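Have a look at the sequence and the structure shown here. Below is a short tour of how some of the pieces fit together.

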Amino acid sequence: MAPVFDFSVYLGLFLSAFGAASLLPLQSEALLVGLLLGGAQPAAVLVVASVGNVLGSVLNAALGRGIERFHERRWFPVSAQRLEQAKHTYRRYGRWSLLLSWVPVIGDPLTLMAGVMREPWWSFLLLVTLAKTGRYLVLAAITLGWAG
């Protein structure tokens, strides 16, 4: 019989995935793999991690939609020139760059820039969900040996 995991385990995974999608330096992959190896239900683990990770990216985009109004403040984290460079890069590669939102280091700033650039929510959610869920599916497949 498979082990039973209580709500707090899945809440921990959700919070880990949510935090990992924010600008905080967190990871969720190790916890996901650990739960899968420990006998957790793969579908539940994938759904919880994916929802948490996508919602963390939604928070980034929402912050991006509101943060630019503060670019004149001294505490603003990037210069006006750097902000314009980031906008130019996002314009150049467009919404399809959100398929890289799962990549460490560049993914979180990409979702923030999508907010700054007012990417429509429908395309943001579609592309980020595909990217983030796809990454977890590949990780689960490797962990559980589904690929071969």
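Helix α4 (residues 80–93) and helix α5 (residues 107–116) have axes that come within 10 Å and cross at roughly 90 degrees. Helices here are DSSP runs of H or I with at least four residues, numbered from the N terminus. An axis is a line fitted to C-alpha atoms, for helices over the stretch in contact, and angles run from 0 to 180 degrees between N-to-C directions. The crossing makes α4 roughly perpendicular to α5, a label used for angles of 65 to 115 degrees. On the α4 side the contact (heavy atoms within 4.5 Å) is made by L83, A86, K87 and Y90, and on the α5 side by L110, M113, A114 and V116. By class, this contact has seven nonpolar residues, no polar ones and one charged residue. Ala, Val, Leu, Ile, Met, Phe, Trp, Tyr, Cys and Pro count as nonpolar, Asp, Glu, Lys and Arg as charged, and the others, including Gly, as polar.

A word about the model: it is predicted, with local features needing pLDDT of at least 70 and side-chain atom pairs counting only at pLDDT 80 or more, while totals for chains, interfaces and linings use all residues. Residues are numbered from 1 along each chain as its sequence is written, and side-chain values use heavy atoms, leaving out hydrogens and water.

Next, the nonpolar cores. Such a core is a set of buried Ala, Val, Leu, Ile, Met, Phe, Trp, Tyr and Cys residues joined through side-chain atoms within 4.5 Å. The largest one has 14 residues, and L83, Y90, L98, M113, A114, F124 and V128 touch the most other members. At least two residues come from each of α3, α4, α5 and α6, and α5 gives the largest share, four residues. Y90 touches R95, S97, L98, L110, M113, A114, M117 and E119, leaving out residues up to four places away in sequence. Another core, of twelve residues, lies apart from the largest one and includes L32, L35, A40 and Y136.

Which residues do S57 and A140 touch, leaving aside neighbours within four places in sequence? The table shows them beside the relative accessible areas; buried means under 20%, exposed over 50%, and partly exposed in between (1.4 Å probe, protein chains only).

| Residue | Helix | Relative accessible area | Contacts |
|---|---|---|---|
| S57 | α3 (residues 42–67) | 1%, buried | A21, T111, F124, V128 and K132 |
| A140 | α6 (residues 121–144) | 0%, buried | L36, L46, G145 and W146 |

A140 and L36 are 104 residues apart along the chain, yet their C-alpha atoms are separated by 7.4 Å.

Terms used:
Angles under 35 degrees count as roughly parallel, over 145 as roughly antiparallel, 65 to 115 as roughly perpendicular and the rest as oblique.
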